[in-house]
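Here is a short report for a reader meeting this structure for the first time. Look over the sequence and the model, then read on.

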Amino acid sequence: MSNTTEPPAFPSFRTFLWAGILLSLLGWGGLAILVATTLPTLGPRWLFFFLFLSAVSGTMLPVAYFINLRFPTNPPADGGVIIREAVMVGIYGCLLAWLQQGRVLTAPLALILGLGFGIIEFLLRVREISRWKPKEPIDE
């Protein structure tokens, strides 16, 4: 009879690897075709942001996995957290590309936006950690 409970297990790397490879190939390959074959009108411009989000998020999936593996929390990050972190980096990249397109991006603005995304992620993780409760031990 054990009175300790195990926190949820850390997800396997294999699922994130294949999802990251698929998203990266779709994004970077689509971007290469898009940039080489189209003019920057309205439709291809929106397609650029979609493909760029896919490419950056897919590239960041394994990185987010290993960051969460290297710096564990209690409870460990689940798959949703890792995907959310990768997508937030992709959104940050798209936001920087959009601001650069309008010629309003500066280094301080990029830093402030990065800090804002970092603070949002930190607060979300603190909320998730504070709401976690271990399972009650089963008395036999």
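In this predicted model, nine aromatic pairs are counted. A pair of aromatic rings is described by the distance of the centres and the angle of the planes. Take Phe13 and Phe66. Their ring centres lie 4.9 Å apart and their planes meet at 40 degrees, so the pair is tilted. Tilted pairs fall between the stacked limit of 30 degrees and the edge-to-face limit of 60. Phe13 belongs to helix H1 (residues 13-37) and Phe66 to helix H2 (residues 42-70), so the pair ties together parts that are 53 residues apart in sequence.

Phe66 also pairs with Tyr65. These two rings have centres 5.5 Å apart and planes at 85 degrees, so this pair is edge-to-face.

How buried or exposed are the residues discussed in this report? The table gives the relative accessible area of five of them, including Phe13, Phe66 and Tyr65.

| Residue | Relative accessible area | Class |
|---|---|---|
| Phe13 | 26% | partly exposed |
| Phe66 | 43% | partly exposed |
| Tyr65 | 6% | buried |
| Arg125 | 11% | buried |
| Arg103 | 66% | exposed |

Phe13 is partly exposed because its 26% falls between the two cut-offs, 20% and 50%. Tyr65, at 6%, is buried because it is under 20%.

There is also an aromatic cluster. Trp28, Trp46, Phe48, Phe49 and Phe52 form it.

**The whole chain**

How many helices and strands does the protein have? The protein has four helices and zero strands. Along the sequence the pattern reads α-α-α-α. The radius of gyration is 19 Å, well over the 14 Å that the globule rule gives for 140 residues, so the protein is more spread out than a compact globule. Along its principal axes the C-alpha trace spans about 70 × 35 × 25 Å.

Of the 140 residues, 27% count as buried. The protein exposes about 9,700 Å², and carbon and sulfur atoms supply 73% of that area. Now consider contacts between residues at least 6 apart in sequence. Of these, 77% join residues at least 24 apart. Charge is another feature. The protein has 10 positive and 8 negative charges, and their mean positions are 15 Å apart.

**Arg125 and its contacts**

Arg125 sits in helix H4 (residues 107-131). Arg125 is buried, with a relative accessible area of 11%. Which residues does Arg125 contact, leaving aside its neighbours within four places in sequence? They are Thr73, Pro75, Ala77, Val81, Arg84 and Glu85.

One of these contacts, Pro75, lies in the loop between H2 and helix H3 (79-101). The peptide bond that joins Asn74 and Pro75 is cis, with omega about 10 degrees.

**Another loop**

Arg103 is found in the loop between H3 and H4. Its phi is near 60 degrees, a positive value in a residue other than glycine. Arg103 is exposed, at 66% relative accessible area. Most residues other than glycine have a negative phi, and most peptide bonds are trans. Two departures from this pattern appear here: the positive phi of Arg103 and the cis bond between Asn74 and Pro75.

Notes. Residues are numbered from 1 along each chain as its sequence is written. This is a predicted model: local features need pLDDT of at least 70, side-chain atom pairs count only at pLDDT 80 or more; totals for chains, interfaces and linings use all residues. Side-chain values use heavy atoms; hydrogens and water are left out. Helices (H or I, at least four residues) and strands (E, at least two) are DSSP runs, numbered from the N terminus. The radius of gyration is taken over C-alpha atoms; the globule rule is 2.2 Å times the number of residues to the power 0.38. Buried means under 20% relative accessible area, exposed over 50%, partly exposed in between (1.4 Å probe, protein chains only). Contact means heavy atoms within 4.5 Å. Accessible areas come from the Shrake-Rupley method with a 1.4 Å probe; for residues, only the protein chains shown count as cover. Lys and Arg count as positive and Asp and Glu as negative; His and the chain ends are not counted. The place of a charge is taken as NZ of Lys, CZ of Arg, CG of Asp or CD of Glu. Rings of Phe, Tyr and Trp (its six-membered ring) pair if their centres lie within 6.5 Å; planes under 30 degrees apart count as stacked, over 60 as edge-to-face and the rest as tilted.
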